[in-house]
Amino acid sequence: MTKDAWDSVDRYFSDLLIPADPVLAAVLRANQEAGLPAMDVAPNQGKLLMLLARISGARRVLEIGTLGAYSTIWLARGIPADGRIVTLEAEPSYAAVARANLDRAGVADRVDLRLAPALRTLPELVAQRAGPFDLVFIDADKPNNPHYLEWALRLTRPGSLIIGDNVVRDGHVVDAASADEKVRGVRTFLEMTAADPRLDATALQTVGSKGWDGFSLAVVR
Ligand code: DHB
Ligand code: MG
């Protein structure tokens, strides 16, 4: 099976299960036109994030890595109208596109976008007692994933979900000798997750419009 087959199954599922949505289509168009890297979650993964937020009853969400806010909008749709998302973005040009998209989607009142490197904002969130968050989505620069996990643990409570995007690295995640900083970051993140008695976790690989990819899911004990 090839990428074409994976794509067509993703398209089949998305067309069938995700109603046509002019806002989300406009968001993806805006991201593309602004030249953002094509790293948005797939529509069916975005909907999974929304469902996980809803299943877990999340009211407060922390997203590390906003990009164009496509996943942020899905998460915002999974929390109650009086819920809150704090989303962290280091790149000003991405944040500008994200803000316009959040306005376009009518969820800007629910989203607090903080423009700064996440490793600067995360200690501020702890100092401000901004937690606990019910769901954390880690989807930023992969070399820092181990740090993001440590901060996520400081900002969650028993029962919170911690989701890590892009843990497969086209299969290179199994390469213990990899020199790729992203692979190394993801491996350390997974090993820390496995070793931490506060976490109960799994990881899944996916194929589809994003190629060979996957995510981890952990619950805080
Ligand atoms: C990468 C990052 C992402 O968030 C993503 O969804 C796909 C790829 C990356 O850094 O390679
Ligand atoms: Mg990602």
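**Close-up views of the ligand 1 and magnesium sites**

**View 1. Lys142 and its polar contact with ligand 1 in the predicted model.** In this predicted model, a polar atom in the side chain of Lys142 is placed 3.2 Å from an oxygen atom of ligand 1. Of the 290 Å² of accessible area that ligand 1 has on its own, the protein covers 77%.

**View 2. Further polar contacts of ligand 1, made by Met39 and Asp165.** Met39 takes part through its backbone, one polar atom of which lies 3.2 Å from an oxygen atom of ligand 1, whereas Asp165 takes part through an N or O atom of its side chain, at 3.4 Å from an oxygen atom of the ligand.

**View 3. The shell of residues around ligand 1.** Ligand 1 occupies the space of the largest pocket, and the residues that surround it are Met39, Asp139, Lys142, Asp165, Asn166, Arg169 and Lys182. By character, this shell consists of five charged residues, one polar residue and one nonpolar residue.

**View 4. Protein donors of the magnesium ion (ligand 2).** The magnesium ion has Asp139 (OD), Asp165 (OD) and Asn166 (OD1) as its protein donors, at distances of 2.0 to 2.1 Å, and along the sequence these donor residues follow the spacing D-x25-D-N. Asp139, Asp165 and Asn166 also belong to the residues surrounding ligand 1.

**View 5. Burial of the donor residues Asp165 and Asn166.** Asp165 has a relative accessibility of 2% and therefore counts as buried; Asn166, at 13% relative accessibility, is likewise classed as buried, because the cut-off for that class is under 20% relative accessible area.

Definitions and conventions. Residues numbered from 1 in each chain as written. Chains lettered and ligands numbered in written order. Predicted model: local features only at pLDDT ≥ 70, side-chain atom pairs only at ≥ 80, totals over all residues. Heavy atoms only, no water. Near = heavy atom within 4 Å. Polar contact = N/O pair within 3.5 Å; in protein donor to acceptor, adjacent residues only side chain to side chain. Areas by Shrake-Rupley, 256 points an atom, 1.4 Å probe, with all protein chains shown as cover. 1 Å grid on protein atoms, 1.4 Å probe; cavity = no way out; pocket = protein on both sides within 12 Å on 5 of 7 lines; lining within 4 Å. Sits in = over half its atoms within 2 Å of the grid points. Nonpolar A, V, L, I, M, F, W, Y, C, P; charged D, E, K, R; others polar. Donors = N, O, S within 2.8 Å, 3.2 Å for Na, K, Ca; no water. Buried < 20%, exposed > 50% of the residue type's maximum accessible area, 1.4 Å probe, protein only.
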